[in-house]
Amino acid sequence: MYHRYHRISRKVYDYCVKNKVVDAALVAKWKKPGYERLCSTYVINPANYKFGTTSICRVPLKDRSEMQTQAQDPTTGCLGCASGKDGGPSNIFGNKYGQNLAAVQVAREKRMELMRVKREQQEREQEEKRQREKEESAAAGGDSDTDDDDDEETSDDEDDYGPAPVAGIWAGTRKLEAESEKIDEGDEETDDEEEPDDRPSKKARAT
């Protein structure tokens with residue numbers, strides 16, 4: 001976290017070394033070629049093994065016999081911490097502690113950052129959508145008011161008995177047509193009810 005990913009400060013690193021939270025000798029070995037995945041300084045100390053050799057976990061898997069592929073160090077439990085391609089399994093202990101925990105933490109932070117960015121983007125899109133819907137609703141409300149005004153003007157026009165349009169005598173409204181029919185019927189009844197002529201006919205005067 002300090003040398004490779006620079007996620008902690010020098011002050012924090014020195015504090016961890018001083019209080020033996022980390023093994024300073026192991027960290028120093030990790031910076032040397034061939035020891036990037038070293039599980040412990042114990043496995044490279046010849047005094048700890050017979051014949052003055054190192055642990056089986058330091059032997060690359062490709063150089064082991066078929067019976068030794070599943071062998072592990074009896075002290076640390078390491079399955080293989082040799083460097084290079086096919087030097088050992090990616091998880092040297094076969095559990096959560098055998099992973100590259102610094103890389104795991106960095107990957108977790110990146111994933112959380114991506115999730116945060118995605119969540120903020122979704123929130124912005126939802127806010128923009130709500131704003132558009134609000135504007136559309138306001139525009140629709142204005143159109144409804146205009147339609148109501150048009151309806152009122154149309155009603156006023158229907159009550160107007162102004163000049164007939166040029167399209168014809170019955171081109172006006174139905175109300176105007178009905179009133180005209182009533183007037184026409186009234187004129188016919190008046191003609192029928194006219195009083196008869198009181199003058200005597202020629203035949204009567206002769207008599």
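## Cysteines without bonds

How many disulfides does the count come to? The count comes to zero disulfides. Keep in mind that this is a predicted model, and let's look at one pair of cysteines to see how that works out.

A disulfide is a covalent bond between the sulfur atoms of two cysteines. For Cys39, the closest cysteine sulfur sits in Cys78, 3.8 Å away, and that is too far for a bond, because the cut-off for a disulfide is 2.5 Å. Seen from the other side, Cys78 is in no disulfide either, with the sulfur of Cys39 as its nearest cysteine sulfur. Both residues are tucked away from the surface: Cys39 is buried at 12% relative accessible area, and Cys78 is buried at 0%.

## The nonpolar core

So what do those two cysteines belong to? Cys39 and Cys78 are part of the largest nonpolar core, which has 10 residues. The other members are Leu26, Leu38, Val43, Ile44, Tyr49, Cys57, Cys81 and Ile92. In soluble globular proteins, nonpolar side chains tend to be buried together.

Leu38 is a nice one to click on. Leu38 lies in the loop between helix 2 (24-30) and helix 3 (101-158), yet Leu38 is buried, with a relative accessible area of 2%. Setting aside neighbours within four places in sequence, Leu38 is in contact with Leu26, Lys29, Trp30, Val43, Ile44, Arg58 and Cys81. The fold also brings distant parts of the chain into the picture: Leu38 and Gly80 are 42 residues apart along the chain, while their C-alpha atoms are separated by 8.8 Å.

Ile44, another core member, touches Lys29, Tyr35, Leu38, Thr54 and Arg58, again not counting residues up to four places away.

## A buried serine in the loop

Now find Ser40, which also lies in the loop between helix 2 and helix 3. Is Ser40 buried or exposed? Ser40 counts as buried because its relative accessibility is 18%, and the cut-off for buried is under 20%.

A polar atom of the Ser40 side chain lies 3.1 Å from the backbone nitrogen of Tyr42. Leaving aside neighbours within four places in sequence, Ser40 is in contact with Leu26 and Thr76.

## Salt bridges along the helices

The count of salt bridges comes to five. One of them joins Asp14 and Arg10, at 3.2 Å from N to O. Both residues lie in helix 1, four residues apart, or about one turn of the helix. Asp14 is partly exposed at 36%, and so is Arg10 at 44%.

Helix 3 offers further examples. Glu120 pairs with Arg116, with the closest N and O atoms 2.6 Å apart, and these two are four residues apart in helix 3. Arg116 and Glu120 are also linked with Glu113 in a network of salt bridges. Further along helix 3, Arg130 and Glu127 are three residues apart, and their side chains meet in a salt bridge at 2.7 Å. Arg130 is partly exposed at 47%, and Glu127 is partly exposed at 43%.

## How far to trust it

The chain has a mean pLDDT of 76, and 68% of its residues reach 70 or more. Where is confidence highest, and where is it lowest? Confidence is highest in helix 1 (residues 10-18), at a mean of 90, and lowest in helix 5 (residues 202-206), at 48.

Two stretches deserve a mention here. Residues 166-172 have pLDDT below 50, with four contacts in the model beyond near neighbours in sequence. Residues 202-207 are also below 50, with one such contact.

Definitions and conventions: Residues are numbered from 1 along each chain as its sequence is written. This is a predicted model: local features need pLDDT of at least 70, side-chain atom pairs count only at pLDDT 80 or more; totals for chains, interfaces and linings use all residues. Side-chain values use heavy atoms; hydrogens and water are left out. A nonpolar core is a set of buried Ala, Val, Leu, Ile, Met, Phe, Trp, Tyr and Cys residues joined through side-chain atoms within 4.5 Å. Buried means under 20% relative accessible area, exposed over 50%, partly exposed in between (1.4 Å probe, protein chains only). Contact means heavy atoms within 4.5 Å. A polar contact is a pair of N or O atoms within 3.5 Å; within protein, one must be able to donate a hydrogen and the other to accept it, and residues adjacent in sequence count only if both atoms are side-chain atoms. pLDDT is the predictor's confidence in each residue, from 0 to 100. A salt bridge is a side-chain nitrogen of Lys or Arg within 4 Å of a carboxyl oxygen of Asp or Glu.
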